[in-house]
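Colleague: Please take a close look at one part of this model, beginning with the aromatic side chains. I should then like to follow the surroundings from there, through the charged residues to the core.

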Amino acid sequence: QVQLVESGGGLVQPGGSLRLSCAASGSIGSINAMGWYRQAPGKQRELVATITSGGRTNYKDSVKGRFTISRDNAKNTVYLQMNNLKPEDTAVYYCNADLVSGVVTRRYWGQGTQVTVSS
């Protein structure tokens, strides 16, 4: 079994910062891409940022310049540094990891962590 455990969410004022982390454990082969998605009530889940095994990144336009995704392959962990947070960033944030075992690739998801930006 594979498990992704997220941490770092919470309540922050507009303009503040948070750092999310997500660690993969269990029967892991090798990890290809990792990423972060978010979902607000009544809205579809949307991509926030992704990072490949080679370190190539991709961001949602509205978070460019404010968020930074990174990974530590030795720790099987992906991070999301969020600066200058805005109320519209409020959502449940989910991490994902694409794991490769032989010729099979599977996508796994974390349990989600709440981020609330409010005065």
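Modeller: Y37 counts as buried, because its relative accessibility of 14% falls under the 20% cut-off. The model is a predicted one, and what follows should be read in that light. A search of the whole structure returns 1 aromatic pair. The pair is formed by Y37 and W109, whose arrangement is edge-to-face, with 5.1 Å from centre to centre and 70 degrees between the planes. Since Y37 belongs to strand β4 and W109 to strand β10 (residues 104-109), the pair ties together parts of the chain that are 72 residues apart in sequence. The two partners fall into separate accessibility classes: Y37 is buried, while W109, at 34% relative accessibility, is partly exposed.

From the aromatic pair I turn to the charged side chains. The count of salt bridges comes to 6. One of them joins the side chains of R107 and D98, with 2.8 Å from N to O. Here R107 is partly exposed at 45% relative accessibility, whereas D98 is buried at 12%. Beyond this pair, salt bridges with shared partners connect R38, E46, K60, R66 and D89 into one network.

Within that network, E46 takes part in two of the contacts described here. The side chains of E46 and R38 meet in a salt bridge of 2.8 Å, N to O, and K60 forms a salt bridge with E46 whose closest N and O atoms are 3.2 Å apart. The latter pair links distant parts of the chain, with K60 in the loop between β6 and β7, E46 in strand β5, and their positions 14 residues apart. As for burial, R38 has a relative accessible area of 5%, which means that this arginine counts as buried. E46 is partly exposed at 25%, and K60 is also partly exposed, at 26%.

R66, another member of the network, lies in the loop between β6 (57-59) and β7. Its relative accessibility is 9%, so R66 counts as buried despite its place in a loop. Its side chain makes a polar contact of 2.8 Å with the side chain of D89. A polar atom of the R66 side chain also lies 3.0 Å from the backbone oxygen of N84. Leaving aside residues up to four places away in sequence, R66 touches Q81, M82, N83, N84, L85, K86 and D89.

N84 merits a separate remark. This residue is placed in the loop between β8 and β9 and has a positive phi of about 50 degrees although it is not a glycine. At 43% relative accessibility, N84 counts as partly exposed. N76 likewise shows a positive phi of about 50 degrees without being a glycine. N76 is found in the loop between β7 and β8 and is partly exposed at 24%.

M82, one of the residues touched by R66, leads to the core. The largest nonpolar core comprises 29 residues, and W36, L80, M82 and Y93 have the most contacts inside it. At least two of its residues come from each of β1 (2-7), β3 (18-26), β4 (30-39), β5 (46-51), β7 (67-72), β8 (77-82), β9 (91-101) and β11 (113-117). The greatest contribution is that of β9, with 5 residues. In soluble globular proteins, nonpolar side chains tend to be buried together. The surroundings of L80 give a view of the packing: apart from residues up to four places away in sequence, L80 touches L18, R19, L20, W36, V48, A49, F67, T68, I69 and Y93. Two of these neighbours, W36 and Y93, are themselves among the residues with the most core contacts.

Finally, β1 may be considered as one of the strands supplying this core. In a regular strand the side chains alternate between the two faces of the sheet. Along β1, V2, L4 and E6 point to one face and are buried, whereas Q3, V5 and S7 point to the other face and are not. This strand pairs with β3 in the antiparallel sense over 6 bridges. V5 has A23 as its bridge partner in β3.

Key:
Residues numbered from 1 in each chain as written. Predicted model: local features only at pLDDT ≥ 70, side-chain atom pairs only at ≥ 80, totals over all residues. Heavy atoms only, no water. Core = buried A, V, L, I, M, F, W, Y, C linked by side-chain atoms within 4.5 Å. Buried < 20%, exposed > 50% of the residue type's maximum accessible area, 1.4 Å probe, protein only. Helix = DSSP H or I, 4+ residues; strand = E, 2+ residues; numbered from the N terminus. Contact = heavy atoms within 4.5 Å. Polar contact = N/O pair within 3.5 Å; in protein donor to acceptor, adjacent residues only side chain to side chain. Pairing = 2+ DSSP bridges. Salt bridge = Lys/Arg side-chain N within 4 Å of Asp/Glu carboxyl O. Phe/Tyr/Trp six-rings, centres within 6.5 Å; stacked < 30°, edge-to-face > 60°.
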